[in-house]
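Please open the structure in your viewer and keep the selection tool at hand. We will go from stop to stop, and at each one you will find something to select and something to look at.

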Amino acid sequence: MGEGGNGGNTMPPHQRKIIHIDMDAFYASVEQRDDPGLRGRPVAVGSARARGVVAAASYEARKFGVHSAMPSVTALRKCPDLIFVPPRFDIYKAVSRRIRAIFAEHTALIEPLSLDEAYLDVTSNLRNVASATEIAEQIRARILAETGLTASAGVSYNKFLAKLASDHNKPNGLFVITPKMGPGFVEALPVSKFHGIGPATAAKMEKLAIATGRDLKARPLAFLQQHFGKAGTYYYWIARGVDERPVRPDRERKSIGAENTFAIDLYTFEAAYAALTPIMEKVWRSREMMNLRARTVTLKVKYADFQQITRSRTDDEGIVTRVLFEERVASLLAPLFPTTKGIRLLGVTLSAFAKPEPEAVGQLSFLFEQEIG
């Protein structure tokens, strides 16, 4: 796999070699690349309108606390000089295809998570390069040369650790987590940094006195299953640096969804629909990137007393416009009011897809939750 980027191969033959590639501020970086006037300035891809949402933020904007899925009004409050540019998904898809072609020169085992992110299994690779670190360096150099964009990479022996590694030296960095390093690296990390643990679950863990991987590792499997259901088994193993999930190329997407847990309970339709706006934005943006036509929309509601309900509607012709999508969500939400119980969580899912268009690229990876915040 290579250690510390030196190109050496320290991995036993039976261990996998996994690379996670993550483009740096992808949409915003494409815009800065194509418009020199935006370079070095805080940029948000999205709309500055009152109900707009940030789709992506440049690193200059992130310094002010601006991030994706943030309401535009909040972003402007944090960064008054923020420059909004409309998204150009056709351009992002074209760049993504070029990047995917570079991956394909090394391995056929490519699992895209989105347009700007993918796992690669290079245990056996097309160029017979022994070091996964060397492969990651070659890929990063080619991406920069062909697209003018930087990518960060993580190298490890499983998907979970490769993902953690790619976040470690962002932007434009590479980090390796060897089998010897893995368990200790996980133990020292805050659980809020774990892929698959969103803000709501991290807060729940905090109440259970679980703040780090070490704390998580100390909890028995039965305890984690009791408090987190099926996800508890996943948490048990990743706390030990164990993740046996294979890299799955071109797996079929069953659904696209997002949800959010709120700090304050919601009691009115207006407040609930406003809270759903960034969630719908995220889901619809994902649908557009994947070129999928959904027939079913599902609304998920969890009340303050933890009662959970779902409401669905299916359109045989498909939900083909964002306006129709928002109307369907509103029609599912409205009958729930008036209510005497506060709402603590809302989620929206699109499913029952027709086959994607031929040019569709990218998939979203949903572990056990997708949260905004």
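Start by selecting I21, and then add A153: I21 stands opposite A153 in β7. You are looking at a predicted model, so let the first pair lead us into its surroundings.

**Stop 1: the strands around I21**

Show residues 18–23, which are strand β1, together with residues 151–156, which are strand β7. These two run antiparallel and are joined by six bridges. As a reminder, strands of a sheet pair through backbone hydrogen bonds, either parallel or antiparallel.

Now widen the selection to the whole sheet. Which order do its five strands take? Reading across, you pass β5-β6-β1-β7-β8, in an open sheet with mixed pairing. β5 (110–114) and β8 (174–176) are at the edges with a single partner strand each, so each has one side without a neighbour in the sheet. On average, neighbouring strands here are turned by 15° against each other, direction ignored.

Next, colour residues 89–104. This is helix α4, and it lies across β1, β5 and β6 (117–121). Its direction is at about 155° to that of β5.

**Stop 2: the largest nonpolar core**

Stay here and show side chains. The largest nonpolar core has 38 residues, and those touching the most other members are I19, I21, F26, Y27, F103, L120 and I143. Helix α4 gives the most to this core, with six residues. In soluble globular proteins, nonpolar side chains tend to be buried together.

Click on I19 and look at what surrounds this residue. Leaving aside residues up to four places away in sequence, its contacts include A118, Y119, L120, V122, G154 and V155. A132, I135, A136 and A162 are also among the residues that I19 touches.

**Stop 3: a lysine inside**

Select K159, which is found in helix α6 (residues 159–168). Is this lysine buried or exposed? K159 has a relative accessible area of 2%, and because anything under 20% counts as buried, this lysine is buried. Beyond residues up to four places away in sequence, K159 touches I18, E111, Y119, D243, R245, P246 and V247.

**Stop 4: strand β2 and its two partners**

Move to residues 43–46, strand β2. V43 and V45 point one way from the strand, A44 and G46 point the other way, and all are buried.

Now show residues 83–85, strand β4, which runs parallel to β2 and is joined to it by three bridges. V45 has V85 as its bridge partner in β4. Then add residues 54–57, strand β3: three bridges join this strand to β2 as well, but here the two run antiparallel. The residue opposite G46 in β3 is V54.

**Stop 5: the four-stranded sheet**

Go along the chain to another open sheet, whose four strands follow the order β9-β12-β10-β11 with antiparallel pairing. β9 (255–266) and β11 (308–319) are the edge strands, each pairing on one side only. Eight bridges join β9 to β12 (residues 343–353). To see one pair across these strands, select A258 and V348, which stand opposite each other.

Helix α12 (residues 269–290) is the element to colour next. This helix lies across β9, β10 (294–303), β11 and β12, and runs at about 160° to β9.

Select W284, V329, A330 and L346 too: they are among the 34 residues of another core, which lies apart from the largest one.

**Stop 6: a loop residue**

Pick A304, in the loop between β10 and β11. A304 is partly exposed, at 34% relative accessibility. Where in space is I343, which is 39 residues apart from A304 in sequence? The two are 5.6 Å apart, C-alpha to C-alpha. Beyond residues up to four places away in sequence, A304 touches D265, G342 and R344.

**Last stop: the record and the confidence**

UniProt, in an unreviewed entry, lists residues 18–198 as "domain: UmuC". Select that range: 38% of it is helix and 20% is strand, with its end C-alpha atoms 23 Å apart.

Finally, colour by pLDDT. The mean for the protein is 88, and 90% of its residues reach 70 or more. Residues 2–13 are below 50, and this stretch has 28 contacts beyond near neighbours in sequence. Residues 356–373 are also below 50, with 71 such contacts in the model. Where pLDDT is low, the predicted coordinates should not be read in detail.

Notes. Residues are numbered from 1 along each chain as its sequence is written. This is a predicted model: local features need pLDDT of at least 70, side-chain atom pairs count only at pLDDT 80 or more; totals for chains, interfaces and linings use all residues. Side-chain values use heavy atoms; hydrogens and water are left out. UniProt positions are given in the numbering used here, feature names are shortened, and annotations may be inferred rather than shown by experiment. pLDDT is the predictor's confidence in each residue, from 0 to 100. Contact means heavy atoms within 4.5 Å. Two strands pair if DSSP finds at least two bridges between them. Axes are lines fitted to C-alpha atoms, for helices over the stretch in contact, and angles run from 0 to 180 degrees between N-to-C directions. A nonpolar core is a set of buried Ala, Val, Leu, Ile, Met, Phe, Trp, Tyr and Cys residues joined through side-chain atoms within 4.5 Å. Buried means under 20% relative accessible area, exposed over 50%, partly exposed in between (1.4 Å probe, protein chains only).
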